[in-house]
Amino acid sequence: MLEVKNLVTSFGSVIALDGVSFTAAESKITTVIGANGAGKSTLLRTISGLETPSSGSISWLGKSLLGMRPENIVRTGIAHVPEGHSVISELSVEENIAMGSLFRRRKFKGDVLAAQTEMFELFPRLKERRNQLAGTLSGGERQMLAISRALVSRPKLLLLDEPSLGLAPLVVEQIIDTINILCRTTGLTVLLVEQNANTALGVADHGVLLALGKVVADRPASELKADATLRAAYLGY
Amino acid sequence: MDTFLAALFSGTSRGAIYALVALGLVIVWRGAGVVNFAQMGQAMFSTYIASTLISNGYSYWLGFVVAIIVGAVMGSLLDILVLRPLSNKKKTEFLSSESIRAAIPVIASLGILGALQALAGIIWAAEERGFPAPYPQEGFTIANSVMPFTSFDVFVIGIVLTTLLMTSLFFQKTGVGLAMRATALNQEVAKLSGIRTNFTRTLSWAFSGAASSLAGLLITPTSNLSPNTLDLVLIIGFTAAVVGGLDSPVGAVIGGFLVGMVISFVSFYGSPEDVFLSILAVLLLVLIIRPRGILGAKDARRV
């Protein structure tokens, strides 16, 4: 279980997260929704160690993550796919995937290869393009690659930041479906940040609504989806 | 025809060394975003150490290996003790301008260059001394004329090409090489992939230190050794790196050989005084025609 308590992260005088508390249950999909600038990305970046919070606590499987570097947080089983299909364009598809499992290759040599093969089964399109540079891929393929890069580290918790950004609805559906199946079949815990609230709440078990760095609602996804007042007030539709 | 061949041979051997210097600069630039002006100062220092060992009766090869190891260690220490603390975001937060923050490591590298030169002057006295070559430096004779191409040149070209080949294999085929490339290209994604970026960055400094020490060992037999002798080599190597497109290792090697050829042909057909001018002309020409260099990346650097 991931437990975030009174988390505050600021950039200079701008407070991006203003005392955020919530929990993400194991083997469930928890989604964090909210408008642009609500602090969703900052929340994920603080959990994965890219940003340093000024106060509050983050605990994962009973251990505090505060003060840990991103490269060590990955080793505790948390993989973060940041916003914007973040792959390394100048490296090949295969290299991007291999990169995600470099830190495991000494201890789990056989499994590293197995994990890479699994990614190609999960996203066959990546297999066809394994030797191409990642920069030549389409937006959807790049998102699949970014997710594969995260999954080969065999995470227990996947932090997904706006996987739908800039993608065609059909591709979004395919990616969200894959994540859903992974969660239901392998017990992966997912923390999904989305601006596209409908898509996210449709697949999630639990929803957290963020506005200006504060949690304004923390409820089962179905309830949140049904609440027209909240939607109108915070999501604008 | 003889002059042409002579210029060609000498250009190849000189170019090989500049390629090495440029490669060292490019690897640190990619890995740490710093043009390391201290690079040839480090090379000078380690060549002095080799010189001291050899003049005390140890074999050339011992001096050779020790100098390269010292070069690698010096590079790592520079990163760990000076550059890493200086690039710490928290500690430089009080500086409002991003460009000033980016200039700090460059200024530090100039300071280190000065300190190393002063230190070398204190330890080994500032006058020039010779540095031995492991193979004879007499030109081969072809059809009764002596070519300016020696066994030592063959050694230089051979060892540089081997180094370049091994470097390329290392970066393309090994996990550590992939981790170093990933760190150079996108630190954030590298970190999120579990790569210890501090370590890979230090490795690139070590590599660059070793490469430039090798360059120092290979160039001083023809130019003598003093605390300042390698300044010009740094300028030429930097030109080669820019010509190749500062962020491309392959470009650096091409740039190195190109600049070596230009220098060689100018000094054979023109006069040695024109050499420096010709380097600047090449630099200017490349910056005007193709500002990103021969193999430089298309986008400007994102800061």
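Which residues in α5(B) meet which residues in α6(B)? In this predicted model, the α5(B) side consists of F170(B), F171(B), Q172(B) and K173(B). Their partners in α6(B) are G177(B), M180(B) and R181(B). Sorted by class, this contact has three nonpolar, two polar and two charged residues.

The geometry of the pair comes next. Two packed helices are described by the angle between their axes and the distance between the axes. Helix α5 of chain B covers residues 151–173. Its axis and that of α6(B) come within 5 Å. They cross at roughly 80°. Angles of 65 to 115 degrees count as roughly perpendicular. α5(B) and α6(B) are therefore roughly perpendicular to each other.

Helix α6(B) also leads to the interface between the chains. There, 16 residues of chain B are in contact with 21 residues of chain A. On the chain B side, the elements that give two or more residues are α6 (175–185) and α7 (187–192). The most comes from α6(B), with six residues. By class, the side of chain B that touches chain A has seven nonpolar, five polar and four charged residues.

Now cross over to chain A. Chain A holds ten helices and ten strands. Its radius of gyration is 17 Å, and the globule rule gives 18 Å for 237 residues, so chain A is as compact as a globular protein of that length. The C-alpha trace spans about 50 × 40 × 35 Å along the principal axes of chain A. Of the 237 residues in chain A, 46% are buried. Contacts tell of the fold as well. Among those in chain A with a separation of 6 or more, 66% join residues 24 or more positions apart.

Within chain A, look for an open sheet of six strands. The strand order is β6-β7-β8-β3-β9-β10, and the pairing is mixed. At the edges are β6 (78–81) and β10 (214–220) of chain A, each of which pairs on one side only. From one strand to the next, the twist averages 15°.

Finish at the β10(A) edge. Its partner is strand β9 of chain A, residues 206–211. β9(A) and β10(A) run antiparallel, joined by six bridges. To find the register, start from L210(A): V215(A) in β10(A) stands opposite.

Definitions and conventions
Residues are numbered from 1 along each chain as its sequence is written. Chains are lettered from A and ligands numbered from 1 in the order in which they are written. This is a predicted model: local features need pLDDT of at least 70, side-chain atom pairs count only at pLDDT 80 or more; totals for chains, interfaces and linings use all residues. Two strands pair if DSSP finds at least two bridges between them. Helices (H or I, at least four residues) and strands (E, at least two) are DSSP runs, numbered from the N terminus. Axes are lines fitted to C-alpha atoms, for helices over the stretch in contact, and angles run from 0 to 180 degrees between N-to-C directions. Two residues are in contact if their C-beta atoms, placed from the backbone, lie within 7 Å. Ala, Val, Leu, Ile, Met, Phe, Trp, Tyr, Cys and Pro count as nonpolar, Asp, Glu, Lys and Arg as charged, and the others, Gly among them, as polar. Angles under 35 degrees count as roughly parallel, over 145 as roughly antiparallel, 65 to 115 as roughly perpendicular and the rest as oblique. The radius of gyration is taken over C-alpha atoms; the globule rule is 2.2 Å times the number of residues to the power 0.38. A residue is buried if 20 or more other C-beta atoms lie within 10 Å of its own, exposed if 12 or fewer, and partly exposed in between; C-beta atoms are placed from the backbone.
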